[in-house]
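The exercises below take up the empty spaces and the nonpolar cores of one protein chain. Each task is followed by a solution that goes step by step.

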Amino acid sequence: MPKPTEAELSVTTPRRRPKPEVLEVGGRRLKPSTLMMGHGYDPMLSEGALKPPIFLTSTFVFESAAAGKRHFEGVTGKRAGGADGLVYSRFNGPDQEILEDRLSIWEDAEDALSFSSGMSAIATLMLAIVRSGDVIVHSAPLYAATETLIGRILGRFGISWLDFPAGATPEEIAQVISAAKAKGRVALIYLESPANPTNALVDVEAVRDARERLFADESEKPPIVIDNTFLGPLWSKPLRHGADIVVYSLTKYAGGHSDLVAGGVVGAKSLLDPIRAMRNTIGTITDPNTAWMLLRSLETLELRMTRAGENAAKVCAWLRTQPQVERVGYLGFLDPASRQADIYRRHCEGAGSTFSLYLRGGEREAFAFLDALKVAKLAVSLGGTETLASHPAGMTHLSVPDERKKALDIRDNLVRISIGIEDPDDLIADFAQALASIG
Ligand SMILES: *Cc1c(COP(=O)(O)O)cnc(C)c1O
């Protein structure tokens, strides 16, 4: 019998994991909160286990030598479309693939990739996209490690950057992109919204319009990438407003229990393929155990974020009436006539649960408040089931130069709070006694 050709093989060999894609029932498109329980997983491929097992294996057995070759063609990019088989755990794995299928659901994205941390997601993405001599345009401020990566690490390889403030007008945004274009190849436009700790929102639609106008005659347009960790995937879906790629620290709301570190990237398959190839090379994929924990977390994502959002609204409404409080920087309190409120109405479906609390006084008052908290914990990070409070000037933003701190309103009286899913009146009682103890 003649050997089947490669083409015949790829037609006759079924996909290793036929995806049980029940995306609608009776003409009704199922919501993400429903799909989180089963999408992308076929129990019959795992002895009928209701939940996916954790596949702790470094490598996978091929059904034939030809299949092994075909899988490698997918993994190495020799054949477009990525791997259609499991090969080696640096490239892919069942838990990671199910996680990626479910991550893409929230934003109706074509594809998703999971990573060992938010920073490894961002670093892998940048390594895949930038070349020596390129310019990166970004909104400011960015997560401190992202600023370090762009400024200090990529800078060593001849990559420069230009930034605009998160709340910039369409004209200011266009000016900076145009100045970058005059400097060199613009590799990407990287955004973070809302900015930490100012909560300033970036006008993604204005960035897209400027990019379309300024690159109308070019064969290549820089992708718009956005870090959506603070409001995504529930309260903000930037792919709808002109972003091409969305990145996440899944450590925060997606993981949601302060017990894992992971990252994600979602977007069109053609944009994610080079990032996947870079991940295959350097091994920044999430591990099976963490991927499994994220599957569990995603089942309650909407419940958790909804409750945390409601709690934050209640706590912030109370905080802003207290005599020890100078101001509450919460997205629910934007002046309706402001440009920020206009961006909020166009881009956001909720105000989130992370906000800035400016106390009357300075470091002494802020520290007294933080040290007196009994329910809320004194720790950095956000998006977990528990309420956390920290002091940006003395902690996350300690290394930011004084000038820049001033410009970003990172003063000594600023406390950053991430509200969890506790009873909201218990949280108010805790904040009340902590405010009273300032003296
Ligand atoms: C935490 C965070 C990151 C980094 O994510 P890790 O999972 O800690 O690597 C990036 N961006 C934002 C906005 C974050 O809050």
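**Exercise 1.** State how many cavities of 30 Å³ or more the structure holds, and describe the lining of the largest cavity.

*Solution.* Four cavities of 30 Å³ or more are present, where a cavity is a set of points, on a 1 Å grid over the protein atoms alone, at which a 1.4 Å probe fits but cannot get out; the volume is the space filled by probe spheres set on the points, which are joined across faces, edges and corners. The model is predicted, so local features need pLDDT of at least 70 and side-chain atom pairs count only at pLDDT 80 or more, whereas totals for chains, interfaces and linings use all residues. Residues are numbered from 1 along each chain as its sequence is written, and side-chain values use heavy atoms, with hydrogens and water left out.

Next, the largest cavity holds about 80 Å³ of space, and its lining (residues with an atom within 4 Å of a point) has 13 residues, of which Ser193, Val202, Val204, Ser236 and His347 lie nearest the centre. By class, this lining has eight nonpolar, five polar and no charged residues, with Ala, Val, Leu, Ile, Met, Phe, Trp, Tyr, Cys and Pro counted as nonpolar, Asp, Glu, Lys and Arg as charged, and the others, Gly among them, as polar.

**Exercise 2.** Explain where the second largest pocket lies with respect to domain 2 (94-298) and domain 3 (301-436).

*Solution.* The second largest pocket has a volume of about 490 Å³, a pocket being an open set with protein on both sides within 12 Å along at least five of seven lines. Among its 30 lining residues, Tyr143, Asn196, Lys252, Ser381 and Leu382 are the closest to its centre. The lining divides into 15 nonpolar, 11 polar and four charged residues. Because domain 2 (94-298) and domain 3 (301-436), with bounds from an automatic or database domain assignment, both give residues to this lining, the pocket lies between them.

**Exercise 3.** Identify the residues with the most contacts inside the largest nonpolar core.

*Solution.* A nonpolar core is a set of buried (under 20% relative accessible area, 1.4 Å probe, protein chains only) Ala, Val, Leu, Ile, Met, Phe, Trp, Tyr and Cys residues joined through side-chain atoms within 4.5 Å. The largest one has 86 residues, and Phe355, Leu357, Phe369 and Phe431 have the most contacts inside it. Among the residues that Phe355 touches (heavy atoms within 4.5 Å), not counting those up to four places away in sequence, are Val315, Leu319, Tyr330 and Ile417.

How values were computed: Buried < 20%, exposed > 50% of the residue type's maximum accessible area, 1.4 Å probe, protein only.
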